[in-house]
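Colleague: Could you take me on a close look at one part of this model, the small sheet with its hairpins? Once that is clear, I would also like to hear about the cores and the cysteines.

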Amino acid sequence: MANLPLNSGFLDVIDGLKDTIANNINCHNIGRILTYNGTTNTATIEILQLKEWYNKTFQPTIISDVPIVTFGTFNARITMPNPVGCYCVLLYMDSNIDNFMETGEAHKPATGRKHSISDCIALLTVDCQINNKPLYDENALTLSNTNLYLKLYEDKIKIANKQQDLTNLIDKLLTACENIITVADESGGGLNPESKQAFTDLKTQFKELLQ
């Protein structure tokens, strides 16, 4: 049987049907965190990608109670400071996850909804060209928080902030120890003023760097 030609009207209907299906399936998206609840580790998130439908643009609704994914296990994990304003990747689950969020067990979906914005989780954080991000060190595992950072290299560790570097402080401490000179006083000994001041300064600098 010969293939029958498809007219343009039929193809337009098929294309419209595909667009309708695609526009109603949520898969992944980019969001921005508006508020954060540290007790539940959930956030209210603004979806940043607008939807277009028949040449009209629609602003997606703001979604609340979105679980934030953290790296770790039950007893140990990496937590982040207040993430408000950060960009995130939104992952939409295949079906309703309400029962899992309540029990943490194998579950039957509470409703028949599929790929809904009500069933998404968020991964932090996504970098774009304008957000404030630290320089990426390709040679170290880096943990950073505003002005403080910890770098783990293959054979060394670096802890520093904008004012102090732990390696330099230790070097100053050892130098001060090397330069200790005792002086006579009523109790029979002590530090000379220069050495005493060096230790006082180091004490202040260590407090600025270490908790």
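**The hairpins and their surroundings**

Modeller: Gladly! S10 and S11 form a hairpin with two residues between them, and Thr146 in that turn has a positive phi of about 60°. Please keep in mind that this is a predicted model. The two strands of the hairpin run antiparallel, and five bridges join S10 to strand S11, residues 148-152. Among the facing pairs, Asn145 stands opposite Leu148 in S11, while Thr142 has Lys151 of S11 as its bridge partner.

If you follow the chain onward, S11 and S12 form a hairpin too, with four residues between them. Here four bridges join the strands, again in an antiparallel arrangement. Lys151 turns up once more, standing opposite Lys158 in S12.

Put together, the three strands make an open sheet in the order S10-S11-S12, with antiparallel pairing. Its edges are strand S10 (141-145) and strand S12 (157-160), each of which pairs on one side only. On average, neighbouring strands of this sheet are turned by 5° against each other, direction ignored.

Now to the cores. The largest nonpolar core has 12 residues, including Ile33, Ala43, Ile63, Val66, Cys88, Leu90, Tyr92 and Cys120. The elements that contribute two or more residues to this core are strand S2 (42-47), strand S5 (63-67), strand S8 (87-92) and strand S9 (120-124). Apart from it lies another core, of five residues, with Leu166, Ala176, Leu202 and Leu209 among them. As background, nonpolar side chains in soluble globular proteins tend to be buried together.

Cys120 is a nice place to zoom in on that largest core. Leaving aside residues up to four places away in sequence, Cys120 touches Ile63, Val66, Pro67, Leu90, Leu91 and Tyr92. Cys120 counts as buried because its relative accessibility is 2%, under the 20% limit.

That brings us to the cysteines. With a cut-off of 2.5 Å between sulfur atoms, the count comes to zero disulfides. Cys86 is in no disulfide, and the nearest cysteine sulfur, that of Cys88, is 8.7 Å away. For Cys120, the closest cysteine sulfur is also in Cys88, at 8.1 Å, so the sulfurs are too far apart for a bond. As for its surroundings, Cys86 has 29% relative accessibility and therefore counts as partly exposed.

Key
Residues are numbered from 1 along each chain as its sequence is written. This is a predicted model: local features need pLDDT of at least 70, side-chain atom pairs count only at pLDDT 80 or more; totals for chains, interfaces and linings use all residues. Side-chain values use heavy atoms; hydrogens and water are left out. Buried means under 20% relative accessible area, exposed over 50%, partly exposed in between (1.4 Å probe, protein chains only). Two strands pair if DSSP finds at least two bridges between them. Axes are lines fitted to C-alpha atoms, for helices over the stretch in contact, and angles run from 0 to 180 degrees between N-to-C directions. A nonpolar core is a set of buried Ala, Val, Leu, Ile, Met, Phe, Trp, Tyr and Cys residues joined through side-chain atoms within 4.5 Å. Contact means heavy atoms within 4.5 Å.
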